[in-house]
Amino acid sequence: MAFPWRNRKSGLKTKLDRRVLDNEITVPTHFRCPISLELMKDPVTASTGITYDRQSIETWLEMGNATCPVTNQELRNADGLLPNHAIRKMIQDWCVANRRYGIERIPTPKIPVTRTQVVDILSEVAAAGQRGDHARCRQMAAKVRNLARESERNRRCFASNGANRVLAATFRAVAGGSSECSAAEVSEEILGALATVSPLDEEAASHIGSPESLGCLVSILTHGNLAARLSAALVVMQLLASSGAKVDAVAGTKGLVEALAKLVKEPIFPQATKASLVAIFYMVSHNERTAEQVVDLGLVPVLVEALAEPEKSMSEKALAVLDGLLSCEGGREKARQHALTVPVLVKKMFRVSDMATELVVSALWKLCRNEGEEGEGKRRCLQEALRVGAFQKLLLLLQVGCSGAAKEKATDLIKLLDGHREAYECVDTMDFKGLKKPL
């Protein structure tokens, strides 16, 4: 059987030897998984005696199937799959023997954690936390984190066996106990493990949302090492996203908003910045007082300048927070004072995603339309929007289609802009190939 060289998962390099393309090399049938028909990377033998690639057979079982795909006999769960070291070694030897054809040797897989092992580890974490054994608790939390990071399969195994509840409860217990240095270190280790086995369920969210846990999170966000601050930002984001989170209580935690805003203003990792933006979005969308607080922390110009970055995910999150801040008067005032606000919003209208486009329309509408706010700043936004081609882009948006709310705001903006067109030329050289004349 010819090797499926077009499949990236096959283990062959992108640029293949001509002899491979001419089918001069074949893969032995018993090296292929009966399910995927691809070269096995981690061969395991089921209780029926048939060898499969681990990922394929585990996916089969997770879909609710209880029989062997080949024999149709009943199968036990994934813990009953035994690594077939003999076949794996033969496959590796075959890869090495044929490396001149561009075939790469498959790595030796790590043995995945079993459900029994997960339960035992989590029990030890909980017990160590209850008896105040910080050294043991830190050791076991690190073990959870390291095993969960080894593979997605391990992460799911921990998550499905309640790891987030155990870790969150232990974090709360440690946070509410001793304030000594060892307690801070174990809190950071637990937080790292918790961020790895997310998301939080309602019980875990209740533990993380407790006053003692939130206070510890603020301390880590402010004074922790870089990895711990990233973990804290991720956990706060997960907390606010969970159904059991009380947004007002979280937002009202002393120092929390300031700590998250600092991660946006002084980035440490892109992932930490994104998590902080999502967390801030939940809070400002829920409470205008929090929005005013974020504005006072100087985040509006930071967000406007962040939109100049080409990365899609960052742009979407920055736009979402900016749109939320524009719901308050202080946010609109700060945005109107920044010379790049309107140009960068118009530039992003069709360049990121449908969601980003609708956020841009909403932000422009708030800057140009908000009733009861007359003044030079508002007129300047309308004039700038005309100058950079917002009128044409809004017309195009209505033609290609958008949601009802975005359509209503776009129509309203077009009417506003149309009233100012006599004095300002509407030019968008990118969309109209340099055609410079009034519409």
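## A guided tour of the predicted model

Begin by colouring the whole chain by confidence: this is a predicted model, and the protein averages a pLDDT of 86, with 86% of the residues scoring at least 70. Two helices mark the ends of that range, since helix α13 (residues 256–265) has the highest confidence in the protein, at a mean of 96, while helix α24 (residues 429–432) has the lowest, at 42. Next select residues 426–439, where the pLDDT is below 50 and where the model has 29 contacts beyond near neighbours in sequence. Then move to residues 1–23, over which pLDDT stays under 50 as well, and for which the model has 43 contacts beyond four places in sequence. Where pLDDT is low, the predicted coordinates should not be read in detail.

With those stretches set aside, select the three strands that form an open sheet, whose order is β2-β1-β3 and whose pairing is antiparallel. β2 (51–53) and β3 (82–83) are the edge strands, and because each has a single partner strand, one side of each is left without a neighbour in the sheet. Zoom in on strand β1 (residues 43–45), which pairs with β2 in the antiparallel sense over three bridges; if you pick Pro43, its bridge partner in β2 is Asp53. Strands of a sheet pair through backbone hydrogen bonds, either parallel or antiparallel.

Now add helix α2 to the selection. α2 lies across β1, β2 and β3, and it runs at about 90° to β2.

From α2, turn to the largest pocket, in which about 690 Å³ of space lies. Which residues lie nearest its centre? Select Lys41, Asp42, Asp53, Arg54 and Gln55, which hold that position among the 29 residues of the lining; Asp53 is the residue already met as the bridge partner of Pro43. Both α2 (54–62) and α6 (152–160) supply at least two residues of this lining, and the largest share, six residues, comes from α2. Colouring the lining by residue class will show 14 charged, eight nonpolar and seven polar residues.

The last stops are points of backbone geometry, and a general remark helps in reading them: most residues other than glycine have a negative phi, and most peptide bonds are trans. Select Leu37, in the loop between α1 (18–21) and β1, where phi is near 65°, a positive value in a residue other than glycine. Continue to Asn72, in the loop between α2 and β3, where phi is likewise positive and near 65°. Finally, go to the loop between α8 (181–196) and α9 (202–208), which contains Pro199. Is the peptide bond from Ser198 to Pro199 cis or trans? Displaying the backbone there shows that the bond is cis, with omega near 5°.

Definitions and conventions. Residues are numbered from 1 along each chain as its sequence is written. This is a predicted model: local features need pLDDT of at least 70, side-chain atom pairs count only at pLDDT 80 or more; totals for chains, interfaces and linings use all residues. Side-chain values use heavy atoms; hydrogens and water are left out. On a 1 Å grid over the protein atoms alone, a cavity is a set of points where a 1.4 Å probe fits but cannot get out, and a pocket is an open set with protein on both sides within 12 Å along at least five of seven lines; lining residues have an atom within 4 Å of a point. Grid points are joined across faces, edges and corners, and a volume is the space filled by probe spheres set on the points. Helices (H or I, at least four residues) and strands (E, at least two) are DSSP runs, numbered from the N terminus. Ala, Val, Leu, Ile, Met, Phe, Trp, Tyr, Cys and Pro count as nonpolar, Asp, Glu, Lys and Arg as charged, and the others, Gly among them, as polar. pLDDT is the predictor's confidence in each residue, from 0 to 100. Contact means heavy atoms within 4.5 Å. Two strands pair if DSSP finds at least two bridges between them. Axes are lines fitted to C-alpha atoms, for helices over the stretch in contact, and angles run from 0 to 180 degrees between N-to-C directions.
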